[in-house]
Amino acid sequence: MADHILIDRYLGELRRETRWLRDAEDIAEEVADHLLEAVEKRIDRGLDRMTAQKSALREFGDPALVGRAFASSRTGGAAMPTQFTRRAGYALIVSAFLWIAGNAIHFASFVADQTRPWEGLPQALYMIGALVLVAAGLLGASGVLGVNRRHGGSLGIRGRLGFWLFLVAGITVFATWFWGVWATALGLGAALIGWALIGSGIAPRSAGIFISSGGLLAAVGVWSLQLVRSEVSFDDPPAMLVHYAGILLFVIGEVVLGRWMANEEVVEEPGKMATV
Amino acid sequence: MRGQALKGHLDLLLLAVVSDGPKHGYAVIEELRLRSVDTFDLPEGTVYPALHRLEKAGYLSSDWSEVQGRRRRTYTLTSRGASALGEQRQSWADFSAAVNHVLNRSPWPTTS
């Protein structure tokens, strides 16, 4: 559209305003069709091309307001970064560090248990580790809420299940001393979130990491359940190794996703925007 | 009449305009302007988000076609949109009748 320089410029601004929306290119094409038709009608009425463009753009409205009206028209919110999603990104990063800390403290309690009676330092360490892991689960679940919002409120059943599994993973650390239960919940939650993220355009690398970690954690969780049923110690070294590998992969996924969300340029909340 | 006064009624007007047959955004806006004798002359760019919202709600459906080398989106009223339009028409008729009665100081119609 070399001879429609003003319209090109307008569409560029509109694309920038709507770049967070998944159908941004469709919006630009629909608006381009409208503006070109409006210019043609004005030229037919005797206006020159430049004046016709100015008149058509004036009638269409400021690109910032139009872009925000598009964002606010999305049910459940627009798929755009806000202060909420940014904070959720930080929550995911902090959650990752807490998962590592909690597991390290738990591991320390198992090591201490080899040389000391359980009632004492090992038990105290275990309880502290459990508290840290509960906090990690709660922060992870709040991070999922932010991911859902960043996705336009449409992660769907996978997102909702992922949220609840993250919560269950955190809470069951206290409810049971058996790590296989919360590892399974965490793994399934991570896999579901990763699955929901595929093709969303939201941190695609984290989707793959979540799914891999989810597979590992869920597998080791089921494996550990089998060990308990056969009355073999579930602190079996290979199982523990896979468990920690799964946790490590999971926290990498949280950090990748969290950093992506925390570093995004925040735009105005859709609810505060002008609508007709 | 600008956007503020139209707030809350735009959906009804858009559904009514599209109920005559499939239309693309430009045609919807022109029809709205024509039927209202230029009274509803709102910023054109704000009509499209409303059309998208109505589509998301299932009241309109849209199809893309190619016209003069450009992609064009055409909106059609769905059966859900048609029944919503019927309901909204009735509530607007009731509301406007009540307002007219108040403004004209005429007695409220009774059924007895």
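This is a short tour of a predicted model, starting with chain A and ending at one helix of chain B.

**Chain A.** Select chain A and colour by secondary structure. You'll find 10 helices and zero strands, so to speak a plain run of α-α-α-α-α-α-α-α-α-α along the sequence. Of its 276 residues, 46% count as buried. Now look at how the chain folds back on itself: among contacts between residues at least 6 apart in sequence, 73% join residues at least 24 apart.

**The contact between A and B.** Next, show both chains and pick the residues where they touch. Chain A puts in 18 residues and chain B 21. On the chain B side, select α1 (3-6), α3 (25-35), α4 (47-56) and β3 (70-77), each of which supplies at least two residues. The biggest giver on that side is α4(B), with six residues. Colour the chain B side by class and you get eight nonpolar, eight charged and five polar residues.

**Helix α3(B).** Zoom in on α3(B) and show B:Gly25, B:Val28, B:Ile29 and B:Leu32, which are buried. Why do they sit on the same side of α3(B)? Look down the axis: the four cover an arc of only 95° around it, and that puts them on the same side of the helix.

What do these buried residues pack against? From chain A, bring up α2 (24-44); from chain B, add α2 (10-18), β1 (23-24), α4 and β3. So α4(B) and β3(B) turn up again here, as packing partners of the buried residues of α3(B).

Last stop: step just past the end of α3(B) to B:Val37, where phi is positive, at about 50°.

Notes. Residues numbered from 1 in each chain as written. Chains lettered and ligands numbered in written order. Predicted model: local features only at pLDDT ≥ 70, side-chain atom pairs only at ≥ 80, totals over all residues. Buried ≥ 20, exposed ≤ 12 C-beta atoms within 10 Å, placed from the backbone. Contact = placed C-beta atoms within 7 Å. Nonpolar A, V, L, I, M, F, W, Y, C, P; charged D, E, K, R; others polar. Arc of directions from axis to C-beta.
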